[in-house]
Amino acid sequence: QLSVTRRVVLSRIEQRAHSYWISRYVAGLEATVSWGTLDLKFRNDAPYGVFINSSVSDTSVTTTMWSTKYWDIKAEFGPRENFRAPGTVYDSSAECVAQYGVEGFDITVTRVWSRDGEVKDRERLFTSYNAAPTVICAPEPSTDPKPDDKNDKKNDGDKQDSQNGDKPGGGSNGGGGDGGGG
């Protein structure tokens, strides 16, 4: 997560946010890695070293960084803008994992670097998150009318016409319709 480098005050060399916003991360200040394609690279511009310690468990990777404070860093968050609604995906496979959709949006975060109360740099970080679809583990509902629907509508119409006396044997002359005679 890039917010770690924000606190330790490391300069970003290579960083890319997740394509979808994940609520456990700080919007606009997070990073993803993918072996061989996406990396997180940073540089220490302070005169002090950085101690990096990593550990792995069955469910997580944790990295802790320590250094002597040199810069003051403040993050200024712009508004979330250009919202994009999530779509819906139907998946009837056995491997399907249902999920709620998440809106996509754009955000700009400005990292303000200062020392001894004087601003030295302002770094704008623009992030655009895609909308994540709602996944429903079921076949996609059909939008085509069922073949029986057409016949049911025709039969419903016949009943209505019969009751109004528009068909032979209907209406008040006794006979058809709803079984009532007149």
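A residue counts as buried here when its relative accessible area is under 20%. By that cut-off, buried residues make up 24% of the 182 residues in the protein chain. The model is predicted.

## Confidence and overall layout

The chain averages a pLDDT of 79. A score of at least 70 is reached by 74% of the residues. Among the elements, strand β6 (residues 81–84) has the highest mean pLDDT, 97. Helix α1 (residues 2–8) has the lowest, 49. Over residues 158–182 the pLDDT is below 50. That stretch still has 19 contacts in the model beyond near neighbours in sequence. Where pLDDT is low, the predicted coordinates should not be read in detail.

The secondary structure comes to two helices and ten strands. Along the sequence, the pattern is α-β-β-β-β-β-β-β-β-β-β-α. Take the contacts with a separation of 6 or more: residues 24 or more positions apart account for 61% of them. The accessible surface comes to about 12,800 Å². Carbon and sulfur atoms hold 48% of that surface.

## Strand β8 and its partners

How enclosed is β8? Eleven of its twelve residues are buried, so the strand is largely enclosed by the rest of the structure.

β8 pairs with β5 (residues 72–77), antiparallel, through six bridges. Within this pairing, Glu76 has Thr110 of β8 as its bridge partner. β8 also pairs with β6, again in the antiparallel sense, over two bridges. Glu81 stands opposite Asp106 of β8.

With β9, β8 shares eleven bridges, and these two strands run antiparallel as well. Arg111 stands opposite Glu123 in β9. β8 and β9 form a hairpin, with two residues between them. In the turn, Asp116 has a positive phi of about 55°.

## The nonpolar core

The largest nonpolar core has ten residues. Its members are Ala17, Trp21, Ala27, Leu29, Ala75, Phe105, Ile107, Val109, Leu125 and Tyr129. Two elements, β8 (104–115) and β9 (118–129), give two or more residues to this core. β8 gives the most, with three residues.

Ala17 is one of the core residues. Outside its neighbours within four places in sequence, Ala17 is in contact with Glu30, Ala31, Thr32, Thr127 and Tyr129.

Thr127 sits in strand β9. Its relative accessible area is 9%, so Thr127 is buried. Leaving aside neighbours within four places, Thr127 contacts Ala17, Gly28, Phe105, Asp106 and Ile107. Of these contacts, Ala17, Phe105 and Ile107 belong to the largest nonpolar core.

## The disulfide

How many disulfides does the model have? The count comes to one. Cys96 is joined to Cys137, with an S to S distance of 2.0 Å. A disulfide is a covalent bond between the sulfur atoms of two cysteines.

The pair links distant parts of the chain, 41 residues apart. Cys96 lies in the loop between β7 (88–90) and β8. Cys137 lies in the loop between β10 (134–136) and α2 (147–163). The torsion about the S-S bond of Cys96 and Cys137 is about -80°, so the disulfide is left-handed.

Are the two cysteines buried or exposed? Cys96 is buried, at a relative accessible area of 15%. Cys137 is partly exposed, at 40%.

## An exposed tryptophan

Trp66 lies in strand β4 (residues 61–67). Where the relative accessible area is over 50%, a residue counts as exposed. Trp66 has 57%, so Trp66 is exposed.

Which residues does Trp66 touch? Not counting residues up to four places away in sequence, Trp66 touches Gly49, Val50 and Phe51. Trp66 and Gly49 are 17 residues apart in sequence. In space, C-alpha to C-alpha, Trp66 and Gly49 are 8.6 Å apart.

## Accessibility of the residues discussed

| Residue | Relative accessible area | State |
|---|---|---|
| Thr127 | 9% | buried |
| Cys96 | 15% | buried |
| Cys137 | 40% | partly exposed |
| Trp66 | 57% | exposed |

Key. Residues numbered from 1 in each chain as written. Predicted model: local features only at pLDDT ≥ 70, side-chain atom pairs only at ≥ 80, totals over all residues. Heavy atoms only, no water. pLDDT = per-residue confidence, 0-100. Helix = DSSP H or I, 4+ residues; strand = E, 2+ residues; numbered from the N terminus. Contact = heavy atoms within 4.5 Å. Core = buried A, V, L, I, M, F, W, Y, C linked by side-chain atoms within 4.5 Å. Buried < 20%, exposed > 50% of the residue type's maximum accessible area, 1.4 Å probe, protein only. Pairing = 2+ DSSP bridges. Disulfide = S-S within 2.5 Å. Areas by Shrake-Rupley, 256 points an atom, 1.4 Å probe, with all protein chains shown as cover.
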